[in-house]
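This report walks a new reader through one protein chain, sheet by sheet, and then turns to some single residues. Please keep the sequence and the structure at hand while reading.

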Amino acid sequence: MTKAGADFALLTPAAEGWRLHHGATPPQTAATLAEIAPLLPAGCPVHLALPCEALVIEGLKLPATERDELAGMVRLQLEKNLPYPLDEVSSDFLIVESSGLESTIIALAAPHAPLETLCQPLRDAGRLPEKITPFVLHIAAVCPAEETVLAVYPEQGQLVLAICADRKLCWAHVMTSTAAARLSSELPQVLLAATMEGAPTNFSRVLLAAEFRALGPVFQAALTVLVEPLPPIAPALAEPINLEPASWRSAAQRQRKAGQLRRHLQTLAMIYVLVAVAVGTYLALLHRQAGRLTVQFEAARPQLEAIQARQARANTLAPAVDPGRTTVELLYLLQKALPDRAVRITEFDQQLGQQWRITGEAPSAALAIDYVSRIKAAAELSSYEITAGPPQLLPNEHAQFSIFGKR
């Protein structure tokens with residue numbers, strides 16, 4: 001009967017069962033919502049158009065005023081007339097006409113209990129509708145503008161008569177029989193009841209659904225107006241009508257938040273896995289490089305040990321081959337640095353050419369200190385670290401000194 005918008009899937013009553021409209025694909029029909037639930041496109045919002053049988057539709061005449069004030073008055077009227085508490089009903093209203101001091105209102109109400117039962121298969125499938133509208137409003141939306149027409153269409157084995165003026169619903173009636181004879185006999189009384197309830201009946205034409213094409217002569221004979229095919233239904237409505245229970249909206253919001261949290265956690269888990277893989281790969285590369293270095297080191301170990309052995313032999317032989325470290329040369333340099341012939345070296349000790357010690361005696365402490373200064377200043381002995389304690393005075397007023405040298 002229609003092509004629904006591509007951004008949502010629309011479920012509408014069919015002549016028998018339910019019909020799914022989505023995008024440019026042909027509508028699909030099933031006997032029950034349980035059978036049609038698996039056909040819903042994944043990830044697509046679901047809109048549900050309710051048949052008149054599941055609704056309470058009431059025409060009201062109220063003082064012309066702002067919509068917010070009208071909403072309060074409509075609520076009071078529904079509270080008086082409905083057989084349900086208002087907290088067990090989802091309701092909304094349309095302003096059909098507002099002129100002078102009076103507004104013509106169509107109040108719409110969907111009781112929660114039968115709505116819960118109807119939508120249980122969708123709930124079980126996790127595809128609860130996010131928008132619920134009356135199917136008759138989708139019919140009214142495709143009627144001619146600035147005309148009053150009678151729209152006749154099927155809803156799950158029943159016949160619906162909808163009076164629409166300028167594409168707005170004014171009145172609706174459900175007939176359980178679709179037999180031509182019964183319709184011919186009951187139609188005058190039905191239209192009389194519509195007139196008494198204030199609905200316009202001066203139709204410019206009758207719009208007949210294809211399923212009731214055979215009933216065209218009945219309407220043409222009773223109303224003497226043109227009978228034309230009913231256009232495909234409108235998937236979206238201009239009026240912001242939504243009879244979805246508030247508890248469903250809250251549950252849908254919680255579900256969306258849970259879905260967002262689940263997606264965030266999945267993203268974090270993916271990032272963690274990627275980081276773990278990257279770290280593992282990096283550690284594997286380091287391990288491989290360490291293995292290569294170990295192999296190279298083991299291959300070079302004999303060469304390193306040979307170099308270390310040669311270095312040890314060189315250090316051992318250094319006192320014999322290094323002129324600056326031989327005992328004779330060292331004694332010569334220490335003797336050369338004496339400041340006076342009266343200063344004498346009394347003891348000399350050398351260990352492996354690395355360190356030495358001399359003890360001596362000077363006529364005075366000043367000459368002993370001068371001698372230490374000369375040794376430290378000698379360029380030939382600069383490779384040694386020279387240390388000396390203060391001279392010790394002897395009974396004969398001479399000064400004894402000790403000097404240490406270390407490479």
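## A pair of residues to begin with

Leu 10 stands opposite His 21 in β2. The model in which this pair is found is a predicted one, and the description below should be read with that in mind. The strands concerned are β1, which covers residues 9–13, and β2, which covers residues 18–22, and they pair in the antiparallel sense over four bridges.

These two strands belong to an open sheet of five strands, whose order is β3-β2-β1-β4-β8 and whose pairing is mixed. At its edges lie β3 (25–30) and β8 (131–134), each of which pairs on one side only. From one strand to the next, the twist averages 20°. Helix α3, made of residues 112–124, packs on this sheet and touches β1, β2, β4 (46–50) and β8, while its direction makes about 145° with that of β4.

## Two residues around the sheet

Strand β4 contains His 47. Is this residue buried or exposed? His 47 counts as buried because its relative accessible area is 14%, where the limit for a buried residue is under 20%. When its neighbours within four places in sequence are left aside, the contacts of His 47 are Phe 8, Ala 9, Leu 10, Leu 11, Glu 130 and Lys 131. Leu 10, one of these contacts, is also the residue that stands opposite His 21 in β2.

Asp 7 lies in the segment before β1. Asp 7 is classed as exposed because its relative accessible area is 56%, the limit for an exposed residue being over 50%. Although Asp 7 and Cys 44 are 37 residues apart along the chain, their C-alpha atoms are separated by 6.9 Å. Apart from its neighbours within four places in sequence, Asp 7 is in contact with Cys 44 and Pro 45.

## Another open sheet

A further five strands form an open sheet in the order β11-β10-β9-β12-β13, again with mixed pairing. Which strands lie at its edges? They are β11 (168–175) and β13 (226–229), each pairing on one side only. The twist averages 25° from one strand to the next. Within this sheet, strand β9 (residues 148–155) and strand β10 (residues 158–165) are joined in the antiparallel sense by eight bridges, and Ala 151 stands opposite Ala 162 in β10.

Helix α5, which spans residues 180–196, lies across β10 and β11 and runs at about 140° to β11. Helix α6, which spans residues 216–223, lies across β9, β10, β12 (205–208) and β13, and runs at about 165° to β12. Ala 221 is found in helix α6, and this residue is exposed, with a relative accessible area of 61%. Ala 221 and Ser 184 are 37 residues apart in sequence, and their C-alpha atoms are 9.0 Å apart in space.

## A patch on a helix, and strand β18

Helix α7 covers residues 246–321 and includes Val 275. The residue is partly exposed, with a relative accessible area of 46%. Val 275 also helps to make a nonpolar surface patch of about 850 Å², together with Leu 261, Leu 265, Leu 268, Ile 271, Val 279, Tyr 282, Leu 283 and Leu 286.

Later in the sequence, strand β18 (residues 399–406) has a covered face made of Ala 399, Phe 401, Ile 403 and Gly 405, whereas Gln 400, Ser 402, Phe 404 and Lys 406 make up its uncovered face. The table lists strands that run antiparallel to β18.

| Strand | Residues | Bridges to β18 |
|---|---|---|
| β15 | 355–362 | eight bridges |
| β16 | 385–388 | four bridges |
| β17 | 392–393 | two bridges |

Residues of the covered face of β18 also appear in these pairings: Phe 401 is the bridge partner of Gly 360, Ile 403 stands opposite Ala 388, and Ala 399 is the bridge partner of Leu 393. In the hairpin of β17 and β18, five residues lie between the strands, and Glu 397 takes a positive phi near 70°.

Definitions and conventions: Residues numbered from 1 in each chain as written. Predicted model: local features only at pLDDT ≥ 70, side-chain atom pairs only at ≥ 80, totals over all residues. Heavy atoms only, no water. Pairing = 2+ DSSP bridges. Axes fitted to C-alpha atoms, helices over the stretch in contact; angles between N-to-C directions. Contact = heavy atoms within 4.5 Å. Patch = residues over 30% accessible without salt bridge, like charges linked within 9 Å, V, L, I, M, F, W, Y side chains within 5 Å. Areas by Shrake-Rupley, 256 points an atom, 1.4 Å probe, with all protein chains shown as cover. Salt bridge = Lys/Arg side-chain N within 4 Å of Asp/Glu carboxyl O. Buried < 20%, exposed > 50% of the residue type's maximum accessible area, 1.4 Å probe, protein only.
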